[in-house]
Amino acid sequence: MYTGILHLHNFMRWVILILLIIALVRHFSGFTNKKAFTAGDRKIDLFLMISAHITLLIGLYQWFAGPWGLKNITSNGMGQVMKQPVQRFFAVEHLVGMLIAIILITVGRGVVKKSISDTAKHKKAFWLFFLALIIILVSIPWPGREAARPLFPGM
Ligand code: HEM
């Protein structure tokens, strides 16, 4: 079962990245062309937030139940984990980076509820999502990194 969940976690990366790029394009065009904040914008932002939260829940399960999170820290000790780049990546860096990115996505999705102009909503959502995208890109275990993982589930 763990492998299936890991594959889902891997796949969700693409869902989040695609939704983030669509949302960024819509919000960028929204604030530069002073467009209304539409139901379509709300939907994309909502799907993005839901996908991020699902990935967070799966990630938390992996961190607590899998070999790379809590178990690694309790069996090897935090000092040892921090000395090993791959162990440190999954036990600390990936977790912290993704948590920050998911908080930014959640706050970005929430701007729709603020009593500010539609242009200001687009602008705020754009910058929050842009920051989230950078952090996610830096926190993904891309091929070629020390903590490399496959691009697609099961590959
Ligand atoms: C936007 C959110 C996230 C994205 C895009 C993401 C992406 C990924 C990817 C692509 C992998 C490699 C999967 C594989 O080996 O096939 C991975 C592994 C992992 N992620 Fe995430 N992740 C996210 C959030 C989180 C969070 C919040 C946590 C912890 C709470 C987490 C914990 C882990 C762990 C422990 C692994 C290694 C699992 C293992 O190999 O057993 N992830 N993540």
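These are my notebook entries on a predicted model of one chain with a ligand that holds an iron atom.

**Entry 1: overall layout**

I began with the secondary structure and found six helices and zero strands in the chain, which read along the sequence as the pattern α-α-α-α-α-α. For the extent of the fold I took the C-alpha atoms along the principal axes, and they fill a box of roughly 55 × 30 × 25 Å. I then looked up burial over the whole chain, where buried residues make up 39% of the 155 residues. On contacts, I noted that among those with a separation of 6 or more, 70% are between residues 24 or more positions apart.

**Entry 2: the iron site**

Which residues coordinate the iron atom of the ligand? I found His9 and His94, each through its NE2 atom, at 2.0 Å. The site has six donor atoms with angles of 83 to 180 degrees among them, and it is octahedral. I placed the two histidines on the chain next: His9 belongs to helix H1 (residues 2–32) and His94 to helix H5 (residues 85–110), so the pair ties together parts that are 85 residues apart in sequence.

Is His9 buried or exposed? The relative accessibility of His9 is 16%, and because the cut-off for buried is under 20%, His9 counts as buried. His94 is likewise listed as buried, with a relative accessible area of 14%.

**Entry 3: H5 against H6**

From His94 I followed H5 to its partner, helix H6 (residues 118–139), and found that the two axes come within 8 Å and cross at roughly 165 degrees. Angles over 145 degrees count as roughly antiparallel, and H5 and H6 are therefore roughly antiparallel to each other. The crossing in which H5 passes H6 is left-handed. I listed the residues that make the contact: on the H5 side they include His94, Gly97, Met98, Ala101, Leu104 and Gly108, and on the H6 side they include Ala125, Leu128, Phe129, Ala132 and Ile136. His94, the iron ligand of Entry 2, is thus also one of the residues of this helix contact.

I also checked Val138, whose place is in helix H6. Val138 is exposed, with a relative accessible area of 53%, and its C-alpha atom is 8.1 Å from that of Gly97, although the two are 41 residues apart in sequence.

**Entry 4: the loop between H5 and H6**

Where does Val112 sit? I found Val112 in the loop between H5 and H6, and at 10% relative accessibility this residue counts as buried. Not counting residues up to four places away in sequence, Val112 touches Phe37, Arg42 and Lys121. The C-alpha atoms of Val112 and Ala125 are separated by 8.5 Å, with their positions 13 residues apart along the chain.

**Entry 5: H1 against H6**

I turned to the other helix that carries an iron ligand, H1, and compared its axis with that of H6: the two come within 8 Å and cross at roughly 150 degrees. This crossing, too, is left-handed. Among the H1 residues that meet H6 are Ile16, Leu20, Ala23, Leu24, His27 and Phe31, and the H6 residues that they face include His122, Phe126, Phe129, Phe130 and Leu133.

I looked more closely at Ala23, which lies in helix H1 and is buried, with a relative accessible area of 1%. Leaving aside neighbours within four places in sequence, Ala23 is in contact with Ile44, Asp45, Leu48 and Phe129. I also noted the spacing of Ala23 and Lys43, whose C-alpha atoms are separated by 9.7 Å at 20 residues apart along the chain.

**Entry 6: H2 against H5, and the loop before H2**

For helix H2 (residues 39–65) and H5, I found axes that come within 10 Å and cross at roughly 155 degrees, which makes H2 roughly antiparallel to H5. H2 passes H5 in a left-handed crossing. The H2 residues in this contact include Asp45, Leu48, Met49, His53 and Trp63, which meet H5 residues including Phe90, Leu95, Leu99, Ile102 and Arg109.

Last, I checked backbone angles at Lys34, in the loop between H1 and H2. Lys34 has a positive phi of about 50 degrees although it is not a glycine, and the residue is exposed, with a relative accessible area of 64%.

Technical notes. Residues are numbered from 1 along each chain as its sequence is written. This is a predicted model: local features need pLDDT of at least 70, side-chain atom pairs count only at pLDDT 80 or more; totals for chains, interfaces and linings use all residues. Side-chain values use heavy atoms; hydrogens and water are left out. Donors are N, O and S atoms within 2.8 Å of the metal (3.2 Å for Na, K and Ca); water is not among the atoms, so sites may look incomplete. Four donors count as tetrahedral if all angles lie between 85 and 135 degrees; four count as square planar and six as octahedral if opposite donors are over 155 degrees apart and all others between 65 and 115; anything else is irregular. Helices (H or I, at least four residues) and strands (E, at least two) are DSSP runs, numbered from the N terminus. Buried means under 20% relative accessible area, exposed over 50%, partly exposed in between (1.4 Å probe, protein chains only). Axes are lines fitted to C-alpha atoms, for helices over the stretch in contact, and angles run from 0 to 180 degrees between N-to-C directions. Angles under 35 degrees count as roughly parallel, over 145 as roughly antiparallel, 65 to 115 as roughly perpendicular and the rest as oblique. A crossing is left-handed if the near helix is turned anticlockwise from the far one by less than a right angle, and right-handed if clockwise. Contact means heavy atoms within 4.5 Å.
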